[in-house]
Structure formats: C-alpha cells, structure tokens
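I set out to record, entry by entry, what I looked up in this structure. The notes follow the order in which I consulted it.

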Amino acid sequence: MPTTSDGPTERLILVSNRLPIILSRKDGELVAHAAAGGLATGLSRPHREGGGRWIGWPGMCEADGEIADDVRVELDARGMTGVALTPDEHAAYYVRTSNRCVWPLFHYFTEKVHYDDADWRVYERINRRFADAILAEVQEGDLVFVQDFHLMLVPAMLRAARPGLRIGFFLHIPFPADETFRIFPAREAVLHGLLGADVVAFHTLDYVRHFRTSVRRVLGVETLAESIPWEGREVQLLAQPLGLETATWQVPSTDPDVQREIEELSRAAMGRRLLLGVERLDYTKGIPERLRAFDDLLTAHPEMVDSVMFVQIAVPSRTEAEEYRDLKDEIDRLVGEINGRHGRPGVVPLHYQYRGVPLPVLIALYRQADVALVAPLRDGLNLVAKEYVAARDDDSGVLVLSEFIGAAWELGEALHVNPFDRAELRASLERALAMGPEEQARRMAPMRRRIAENDVHVWTARCLGAIRGAHRRRHPEPLEGEAFEGVIEAWRAARDRAVFLDYDGTLREFEPRPEDASPAPRVLELLSALTRDAGVDLWIVSGRPSYVLDEWLGETGAGLVAEHGAFARPHGERHFAPLLGDPSLTWRPAVRSIFEAFAERVVGSRVEEKPLGIAWHYRAAQPSLATWQARELYQHLSEVLAGENADILQGDKVIEVRPAGVSKAHAMRALLAARDGTPDFVLAAGDDQTDEGLFRAAPPGAVSILVGDRRSAARYRLPDPRSMRGLLEHLSGL
Ligand code: GDG
C-alpha cells in the first residue's frame, strides 16, 4: 500500500456504473470471472496495489433489488463493493437516462434524446446511492476516481459531504459543443455535479474546450485554459486519452489459440484481402454507412469480389432499446442486399456476425486484416482503432479512421475520413487497398510507437497524478497571528523594500460604478506615509488608465502602473511611459464596435476607452442579463481575435481587450530589473485573476497577499481591503 510522505495511507476508491466482474449462476452456484476491456484491465493494477475498493453495480441483483449474500462475499474477496439497483431503477437510471438521453445527446444524436423528468430524478437518486456507498467506504487519505456519464452528479455530492476529499472524474464519451450541451434540461445539475471534482478529465482537448465553454455559457463562470475557479477551489481540466493494456494485443502469433484462428481465417479468405470492422452494434458507430461504402466499392469495381472480403463484427448491445433493434434490422437488410447484389455461389463478399468473438479470434482478425475500417459517426475515443495498430506484428496494414472520434487526435498518420461522406468513404477504401508497403510502414510505425508508449498505465498514472496535484494547490495561509508578526518583523529588519499593490478590491472596496471608487483620505494618507520612507519603493499596479491614477493617486508620491502593466510612471516623474515597445492596435476598431453593440443591448453597461485597451464594464447592469451577455461577448471575442496580437481579459464584471504581452507580471519584472540593487523585502498584493501574475512573478521569499479567499499562487490571504489597509497601517507606522 503506498503511503503519502506527509499523511495517512493513500487508498484508491474506484467508482463505475458496472463492476469489472461477470456473474452468473450455474445450477444455483455463483460463477464469477473478471471482465476484460481497457478500463477494467487498466485500473485493475492500481486497484489491486492501492489496497482500496471498486464500487459499482454488480450486474446481478435479486428481484427485490438486493444483492445476494454469496455475491457480496465474492465481491468483498475481490475488493469490490456492490451498489444494489431494482429492475425499475436500472431501467430509469441506466437504460433510459444514461443510454437513451445522455448517450445520444453527448454524441450529437439530438433527435434520439428521450428526456424524462421522473427518470432524471431516479438518476439523481442512484447517483446519491453511489455517493453514499463511497462515503461509507472512504477513509482519511483516500483518493476517489469516478468513471463516466452514468455518475456525473457524484463528485459534487461527495464534495458537499467531505470538502477535503480528493476526487477525480473521467468522461469516456465525448463532451459535446456547448450549443448541443445546452439542450439538456438538467444542464446546470450536470455541470455542478462534475465541478465537485478536483480534476475533470476527458479523452481530448476538444472535449476540454467544449466543457469549458459550456461552463462559461451555462453557469457564467470565468474559466482559465486548464482550470475553472469554482466555489473557492480550482477545478483542473485534463485531456488524457485512455490507453491499452498492450500486452493483451501482443500475444505472439505462435500462441496455439491465435495460430489456429489465423489459419482458419486464411482458409475462409481464399486469398482475398481482408477489410475489417469491429464494434458494439450502436448507431454512433456508423455501421450502415460503412457497409454502403463497401457496396459502392463493389459496384464501381465488380472484379474486386474475387480479391476483397469484408468482415464486420457487431457485438449485441442495449438490445432492450427500440432504436438498437431498428438498427439491427437495417443492418440485417443491408447485408442481405449487398451479398445478394455482389455475391455468387461460393463467394460471399460480406461476412457479418452479430455476436462477440473470443479474444484469440479478435487478435487473429486484427493481425490478418489488410485494412481496418474504423468509421464511427461519433466516438469518445475508440479502442478498436488502437487495438488494430497494437495487435499487428509488423508495420503493415492500413487504418481508415473517422475524423469524428477521439482517437483521431493521437492517430494522425491514419487515413482520416468524414464518415458522413459516402463518396469519400468509398474513395478511402480504394486508397487503402492500393497503398504500397512503404507508405503503410511510414504511417503505421509511428502509431505503433505512440500506442506502446502511451498505454493504460500511463493513463492511470497521469490521471491519478493530476488528482493528487490539483488537490495540493491550496488556499493561501491567512495572514494573522504569528504569520502577521513575522511579516511585520521582516519588514522592520529590511532596508530596501519594494511594494506592488493593486488598487480596486485590494486597497479600496468596489463601487457599482467604477468612477465612484476614488480613494478615501485614509488611503491617501497611508500611501503618502509609505512613500515618505526612503527605504520603500511603492508601486500601485492597476488596470485603470493613467489619467485616473494620476488624478486620484498622483499626489501620494507612489509610482503608478496603469492599464494592467502597459504604462508606468516612476515616483517623482510627470509622464507615463509604455513598458512594452510599440504594441499593434489593429484590432481596436473591430473590438470597439462589438463593445458598443453590447453596451447598447445591456442597459447600465458601458465602454471605456483607454490609451491601449478597451473595456466593457457591466457592474451596474442587471446581473443575470449582463452575465449572460458577457459570456456571449467573451466567446465572440475569442473567435474574432484569434491570431491577433491581443489578449482578452475577464476581470471582476469587466471584459477588457489589450495588446498581447502586457501584464502586471511583466510590469513587475521590468520594474524590479530596472532598479539599482535587489530589494531585501518584496510585498505584492491583489485580489483578482490579473493579480495572479504578480504573485507568480514575485521573487522567491516575497510576501504575496491575496485579498479574498480562493486557491491562489499567493502565500498569504487577507479577507478584505479593510484588513489590507490595517496591514499597511502597521507597516507605515501610522
Ligand atoms: C466507450 C466509448 C471509448 C468489441 N468487440 C469484441 C470485443 N470488443 C472490445 C474491443 C474494445 C471494446 O470492446 C470496445 O471499445 P470502444 O472504445 O471501441 O467502444 P465503446 O464500447 O463504445 O466504449 C469509447 C471507450 O468507452 C473507452 O473510454 O473509447 O469511445 O464509447 O476494447 O476490443 N472484444 C472481444 N470480442 C469482440 O467481439 N473479445
């Protein structure tokens, strides 16, 4: 059992809808065997070694929904805890809500979404039951890792009960673009649920981006590239595609089972080249589309019937749902038509099997297939594509891959296709069949290497590492008691001190209208007292334009940094000078007209022109409307300004665009580098996201102070501007 160096034993608590076990009864006796599959094998090692539990539905409950005693004993012996479901609960939570609502929506099949409020309440209730089962199990030091779309509410339920718990969540299916996600009636609940985790992880960066924009648009929360500040925590976002247990696929061809199947296949092929498709029978997998492309191929090249054969394995799935039965009927019909059209006695071009095959058969198929056609209309990742590559015993073979699946991100050397384009699908089959061995190897070799290097154990290690890391980023320590005394003492002992203070929200409380936040006489007195001390080099570092800083603070003698670090005026000088060369402002007219359009729409909001930046303020507008519009605006600006030398900055009730590279951090570094000698005491204080740069740029040992309470790079925190002024009173000796 691993232990953390500074704390109690760390156990891993895995949570998934299904436990990785297959249970049945033979003559009343319980028969159990471990389930295969990427996730089950990938997590089984950390499960075993972590000494923790795997919590989930065992797939077998009594008629009353209870778990039989012998099942409990069996599960317990394998480190598993069962969550019981009645048949009705299973139908509402799993079949209807998870499979017939979340699944189609997240795969962009909006016309197949069946949402029902009563079923959604069952989904909530079962998520609660999972959360309770986890809470009954967790101990100090545990790490909880929740899997997939059946359990999206669990993280927040855990967080509410155990705020300090380490929680990760992985979504195995796509996270759809916000335009699609917003259709979901329970959209807020889903986002709140997921944001309870320390890390929300996906297969690809696209899904991370979709999640981020959905959070921004639906909840109106400011998001960062890799994290989302939420309820005083910072939720980390991770893109980490699932990997394979590569050993499973690299069984040598001399293995008797595999060898037998390879021989069998060769006989059936009768010298024809093999095209292969393998999937669960699901409408997301694009099986009819692919069969039609094969039909077109044979129509265009009738002679190919003697040189090519297509094997399609479709594993029965979700057979209780009508759309899956309809799909099966459609495929059955298509198979008959295609073989009827192109086959002749003794020559069957399309071999279709509605049944799973044992692993040695699958390995033999992957190894013998000249072309694997992996063309889902939409797929979170797709393990089959990776397995085909991993199972080859040399660099031969061609992978034709849909561009709408997560695996396309990692398998860039495959032949990418748009599965909705029937002509392109057919053309890609022609291309694949014509590809020579050199090109095959050139494409296959790097994919083989990549898949071997990024196996399921790398995936597990990265996900768990991210959860541990995210949790470590804590709130700064309160600046009180001994810490406070320590700072005062260090200040007094120092001879040369540099101080960088933000203004709004740090020295001075916010006002509904920014122009009303002028400094009270006490603030001016404090700043003047500090600057009178020859051993203090004081800078006010603000987002405000220079003329405002000059008017309000010009008499205090403090150095002034305006517009988030664009201009600076040292103590005793009259003019502001740019801190960053000669920035390009080509984007200004476009941004101005967008801001003006929004100012017109949102009553109470207004545009502020600064020498370099332009800002849209909405503090005085009606909050819900303004927040909604701010999300739209941000989204729009991100697209308009892509490739421009400009940064979009979301502050507190303000969106600002300014030249790229300008930042408080840059200003601080430039000012520190320009002074004579290194100060022996540096203090930096601020309240919002723009001040994080100040905290990060502060030299080691600096006293950095967040005014507020959230995760931050600052060392200390003070609750409000008033306590910040209190600290300055001590420092200035007032
Ligand atoms: C979900 C996401 C994501 C298939 N037929 C047979 C068989 N299989 C195995 C394959 C593969 C697995 O089933 C299918 O995995 P996929 O990834 O292709 O698809 P989903 O089941 O939809 O999985 C998906 C995945 O979660 C993981 O995050 O990649 O996007 O939809 O491992 O080998 N295995 C055997 N016989 C068969 O006939 N033995």
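Entry 1, strand 4. I first asked how many residues of strand 4 (residues 53-57) are buried. I found that 5 of the 5 are buried, so strand 4 is largely enclosed by the rest of the structure. I note here that the model is a predicted one.

I then looked up the partners of strand 4. Strand 1 (residues 12-18) pairs with strand 4 in the parallel sense, over 4 bridges. Within this pairing I located Ile 13, which stands opposite Arg 53 of strand 4. Strand 5 (residues 80-82) also pairs with strand 4 in the parallel sense, here over 3 bridges. Ile 55 has Thr 81 in strand 5 as its bridge partner.

Entry 2, the protein as a whole. I turned next to the overall figures. I counted 25 helices and 29 strands in the protein. Along the principal axes, the C-alpha atoms fill a box of roughly 100 × 60 × 50 Å. Of the 734 residues, 56% count as buried. The exposed area is about 30,200 Å², and carbon and sulfur atoms supply 50% of this area.

I also looked at contacts along the chain. Among contacts with a separation of 6 or more, 70% come from residues 24 or more positions apart. For the charges, I recorded 87 positive and 110 negative, with mean positions that are 0 Å apart.

Entry 3, two single residues. I examined Val 122, whose place is in helix 4 (residues 117-137). Is Val 122 buried or exposed? Its relative accessibility is 12%, which is under the 20% cut-off, so Val 122 counts as buried. Leaving aside neighbours within four places in sequence, I found Val 122 in contact with Glu 89, Ala 92 and Tyr 93. I also noted His 90, which is 32 residues from Val 122 along the chain; the two C-alpha atoms are separated by 9.1 Å.

I then examined Thr 180, which I placed in helix 6 (residues 178-181). Thr 180 counts as buried because its relative accessibility is 12%. With neighbours within four places in sequence left aside, Thr 180 is in contact with Leu 105, Tyr 108 and Thr 110.

Entry 4, the sheet of 6 strands. In what order do the strands of this open sheet lie? I read the order as 13-12-11-14-15-16, with parallel pairing. Strand 13 (350-353) and strand 16 (415-417) are the edge strands, each pairing on one side only. From one strand to the next, the twist averages 20 degrees.

I asked which helix packs on this sheet. Helix 14 (residues 383-391) does so, touching strand 11 (273-280), strand 14 and strand 15. The direction of helix 14 makes about 170 degrees with that of strand 15. Strand 14 (residues 371-374) and strand 15 (residues 398-402) run parallel and are joined by 4 bridges. In this pair I located Ala 372, opposite Leu 399 of strand 15.

Entry 5, the sheet of 9 strands. I traced a further open sheet in the order 17-29-28-27-18-19-20-21-22, and its pairing is mixed. Strand 17 (477-478) and strand 22 (577-578) stand at the edges with a single partner strand each, so one side of each has no neighbour in the sheet. I also looked up strand 19 (residues 536-541) and strand 20 (residues 559-562), which pair in the parallel sense over 3 bridges. Trp 539 stands opposite Gly 559 in strand 20.

Entry 6, strand 27. I looked more closely at strand 27 (residues 681-686) and found 6 of its 6 residues buried. In a regular strand, side chains alternate between the two faces of the sheet. I therefore checked both faces of strand 27. Phe 681, Leu 683 and Ala 685 are buried on one side, and Val 682, Ala 684 and Gly 686 are buried on the other.

Strand 18 (residues 497-501) runs parallel to strand 27 and is joined to it by 5 bridges. Strand 28 (residues 703-707) also runs parallel to strand 27, with 4 bridges between them. Leu 683 is the bridge partner of Val 499, and Leu 683 also stands opposite Val 703 in strand 28. Finally, I noted helix 24 (residues 689-697), which lies across strand 27 and strand 28 and runs at about 165 degrees to strand 27.

Notes
Residues are numbered from 1 along each chain as its sequence is written. This is a predicted model: local features need pLDDT of at least 70, side-chain atom pairs count only at pLDDT 80 or more; totals for chains, interfaces and linings use all residues. Side-chain values use heavy atoms; hydrogens and water are left out. Two strands pair if DSSP finds at least two bridges between them. Helices (H or I, at least four residues) and strands (E, at least two) are DSSP runs, numbered from the N terminus. Axes are lines fitted to C-alpha atoms, for helices over the stretch in contact, and angles run from 0 to 180 degrees between N-to-C directions. Contact means heavy atoms within 4.5 Å. Buried means under 20% relative accessible area, exposed over 50%, partly exposed in between (1.4 Å probe, protein chains only). Accessible areas come from the Shrake-Rupley method with a 1.4 Å probe; for residues, only the protein chains shown count as cover. Lys and Arg count as positive and Asp and Glu as negative; His and the chain ends are not counted. The place of a charge is taken as NZ of Lys, CZ of Arg, CG of Asp or CD of Glu.
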